[in-house]
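Open the model in your viewer and keep the selection panel at hand. This tour goes from one selection to the next.

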Amino acid sequence: MAPPIQWYPGHVAKAERALKEHLQRVDAVIELRDARIPLASAHPQVAQWLAGKARLLVLNRVDSISATARQEWQDWFRQQGEVVYFTNAQDGTGVANLLKAAQAVGEQITARRQARGMLPRPVRAVTLGFPNVGKSALINRLLRRRAVESANRPGVTRQLRWVRVSDTIELLDTPGILPPVLSDADAAVKLAICDDIAAAAYDAVLVAAIAVDLLQARGAHLIDRYGLAIAPGEIFVAALAQAQYHGDSEKAARKILDDFRKGKLGAIALERPQDFAVR
Ligand SMILES: Nc1nc2c(ncn2[C@@H]2O[C@H](COP(=O)(O)OP(=O)(O)OP(=O)(O)O)[C@@H](O)[C@H]2O)c(=O)[nH]1
Ligand SMILES: [Mg+2]
C-alpha cells in the first residue's frame, strides 16, 4: 500500500482528546465492527478506552455477509467467550435485541450504583469504532429517529454528541477514531476496501487490485459483472480501465470498490474464521 496521506487528520486528534475527557463519565461501551472484517475492524485502542467498563460487541452490516459467514463468526466469538450482536443499522435488523442487552447492562450498573449509595442517574454508553462502520446509524435506530448525522462516507461525525435514548439510557456518538499507526498492513487494506478509512489515505488502484484478488478467492462473480477474464487484481483493474474508462485506472478502481461496497458483487465476508485458524 502507498504511504498513507492524512492518515490521522486533525479532527480525529481533537476528537480523541475530547473522547478521553468524556470517557470518565461513561459506564458502558458499544464497540462497533464491520461484519465483513470482524478482526481487521477491531479497533486497537478500544481495550485501553474500556478500562473496566461493560462492553457490548456489535458486528454491523450483517446484510453484507452470507448467513454461513455470520454463523461461523458467531461460533468463533462464542469460543473466545464473547457474545456478539449482529445488526443492520440501516434497516434496524437486530437492533431490538441489542437494545434489550443494553438495558440489561444498564440495570446491572444502576443496581451497583444503588448498592454503593450513589444517586440514581441514566446509564451512559458510548459507541466506538472505525469511521463509517455505522455508529451514528445505530444510534438513530436505537432512538427510532434521525437524531445524529449519518451518511455513506467515512468522517461524517466530527464532534462528540450526547443523546438521550430513554429516562434510563444516554448515548454518546463519537467520530470514527483512527489509531495513530496501523501496524497490520493486511488489516489496513481491508479497512480501505470496506470504506472504513478516509479515501484520501490510500491509493485506490492498489486497494482495488487487492480487493479483486480477495473477492476472486471468495468466489465473487467478477466475470459476469465486468465481462473480463479472470486475472490477478492488478491486471484486472488495468483491463477494466482499458475496456470501459479510456485507460483511467483510478476510475476503474473506484468502480470496483464502489460495486463491492454497495453489495453489487454479492454478500461477501472478506474475513472468515478459518483464515485465521491456519496461521
Ligand atoms: N448496508 C448497510 N448500510 C449501513 C449499515 N449501517 C450503516 N449503514 C450505512 O453506512 C453509512 C455510514 O453510517 P454512519 O452511521 O454515518 O457511520 P459512522 O460509523 O457514524 O461514521 P463516522 O461518523 O464517519 O465515523 C450510512 O450510509 C448508513 O446508512 C448496515 O448495517 N448495512
Ligand atoms: Mg458517525
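The stops below cover the sheet, two helices and two pockets. Keep in mind throughout that this is a predicted model.

**Stop 1: the sheet**

Select the strands and colour each one separately. You have 6 strands in an open sheet. Read across them in the order β3-β2-β1-β4-β6-β5. The pairing is mixed. Now pick out β3 (84-87) and β5 (161-164), which stand at the edges. Each has a single partner strand, so one side of each is left without a neighbour in the sheet. Turn the view to look along the sheet: from one strand to the next, the twist averages 25°.

**Stop 2: a parallel pair**

Select residues 28-34 for β1 and residues 123-128 for β4. These two strands pair in the parallel sense, over 4 bridges. To see one of the partnerships, show V29 and look in β4 for its bridge partner, V126.

**Stop 3: the helices on the sheet**

Add helix α4, residues 95-115. Helix α4 packs on the sheet and touches β1, β2 (54-60), β3, β4 and β6 (169-173). Compare its direction with that of β2: the angle is about 175°.

Next, select helix α5, residues 135-143. Helix α5 lies across β1, β3, β4, β5 and β6. With β6 it makes an angle of about 160°.

**Stop 4: the largest pocket**

Where does the largest pocket lie with respect to domain 1 and domain 2? Colour 10-173 as domain 1 and 203-277 as domain 2. Both domains give residues to the lining, so the pocket lies between them.

The space inside is about 800 Å³. To find the middle, select R61, Q90, N132, A151 and N152, the closest to the centre among the 40 lining residues. Then show α5 and α10 (249-261), the elements that give two or more residues to this lining. Helix α5 supplies the largest share, 5 residues. Colour the lining by class: 16 residues are polar, 13 charged and 11 nonpolar.

**Stop 5: the second largest pocket**

The last selection is V26, D27, G52, K53, A54, I109, R112, R113, R116 and M118. Together they line the second largest pocket. Its volume is about 210 Å³. Bring back α4 here, as this helix gives the largest share of the lining, 3 residues. By class, 5 lining residues are charged, 4 nonpolar and 1 polar.

Key:
Residues numbered from 1 in each chain as written. Chains lettered and ligands numbered in written order. Predicted model: local features only at pLDDT ≥ 70, side-chain atom pairs only at ≥ 80, totals over all residues. Heavy atoms only, no water. Pairing = 2+ DSSP bridges. Axes fitted to C-alpha atoms, helices over the stretch in contact; angles between N-to-C directions. Contact = heavy atoms within 4.5 Å. 1 Å grid on protein atoms, 1.4 Å probe; cavity = no way out; pocket = protein on both sides within 12 Å on 5 of 7 lines; lining within 4 Å. Points joined across faces, edges and corners; volume = space filled by probe spheres on them. Nonpolar A, V, L, I, M, F, W, Y, C, P; charged D, E, K, R; others polar. Domains from an automatic or database assignment.
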